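Please find below some comments on the model you sent round, set out point by point. They are meant to be read with the structure open.

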Amino acid sequence: MNIQEVQADKLSLISWVSQLQDISLIEKLKDVQRNSMLKTYEASLKPFSNEELVSKANAANKAIKNNEVLSQEDLIKEIENW
């Protein structure tokens, strides 16, 4: 399947989904979407080496010591201003 065929198929699917009335089928499509997103996310994860973990912990401790952190309350206030 070439790029043009893939694009045509995607547009066809978008049109079909936009007219879909079957709730159970919509739920199944949402499940497919969630599973796809989860697989993509999980594939992006990689475990830390011991050295990376220690380095990140040291950096976090340094940030705390230098007061370079936000409290939960301040973070919520900052997010509300986005």
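The points below go from the overall fold to single residues.

1. The model is a predicted one, and the comments should be read with that in mind. In its secondary structure the chain has four helices and zero strands, and these follow one another along the sequence in the pattern α-α-α-α.

2. The overall dimensions deserve attention: the chain has a radius of gyration of 22 Å, whereas a compact globule of 82 residues would have one near 12 Å. The C-alpha trace spans about 55 × 35 × 25 Å along its principal axes.

3. As for the surface, buried residues make up 2% of the 82 residues in the chain. The chain exposes about 7,800 Å², and carbon and sulfur atoms supply 58% of that area.

4. On charge, the chain carries 10 positive and 13 negative charges, and the mean positions of the two sets are 3 Å apart.

5. Does the length of helix α1 agree or disagree with what its residue count predicts? Helix α1 covers residues 3-18, and because a rise of 1.5 Å a residue is expected, its 16 residues should span 22 Å; the C-alpha atoms at its ends are 23 Å apart, which agrees. At the start of α1, a side-chain oxygen of Asn-2 comes to within 3.0 Å of the backbone nitrogen of Gln-4.

6. Asp-9 also belongs to helix α1. Its relative accessibility is 37%, and because the partly exposed class lies between 20% and 50%, Asp-9 counts as partly exposed. The C-alpha atom of Asp-9 is separated by 40 Å from that of Glu-80, and the two residues are 71 residues apart along the chain.

7. Where in the chain does Asn-67 lie? Asn-67 is found in the loop between α3 (50-65) and α4 (72-80), and it has a positive phi of about 55° although it is not a glycine. Most residues other than glycine have a negative phi. Asn-67 has a relative accessible area of 63%, and because this is over the 50% cut-off, Asn-67 is classed as exposed.

Note on methods:
Residues are numbered from 1 along each chain as its sequence is written. This is a predicted model: local features need pLDDT of at least 70, side-chain atom pairs count only at pLDDT 80 or more; totals for chains, interfaces and linings use all residues. Side-chain values use heavy atoms; hydrogens and water are left out. Helices (H or I, at least four residues) and strands (E, at least two) are DSSP runs, numbered from the N terminus. The radius of gyration is taken over C-alpha atoms; the globule rule is 2.2 Å times the number of residues to the power 0.38. Buried means under 20% relative accessible area, exposed over 50%, partly exposed in between (1.4 Å probe, protein chains only). Accessible areas come from the Shrake-Rupley method with a 1.4 Å probe; for residues, only the protein chains shown count as cover. Lys and Arg count as positive and Asp and Glu as negative; His and the chain ends are not counted. The place of a charge is taken as NZ of Lys, CZ of Arg, CG of Asp or CD of Glu. The expected span of a helix is 1.5 Å times one less than its number of residues. A polar contact is a pair of N or O atoms within 3.5 Å; within protein, one must be able to donate a hydrogen and the other to accept it, and residues adjacent in sequence count only if both atoms are side-chain atoms.
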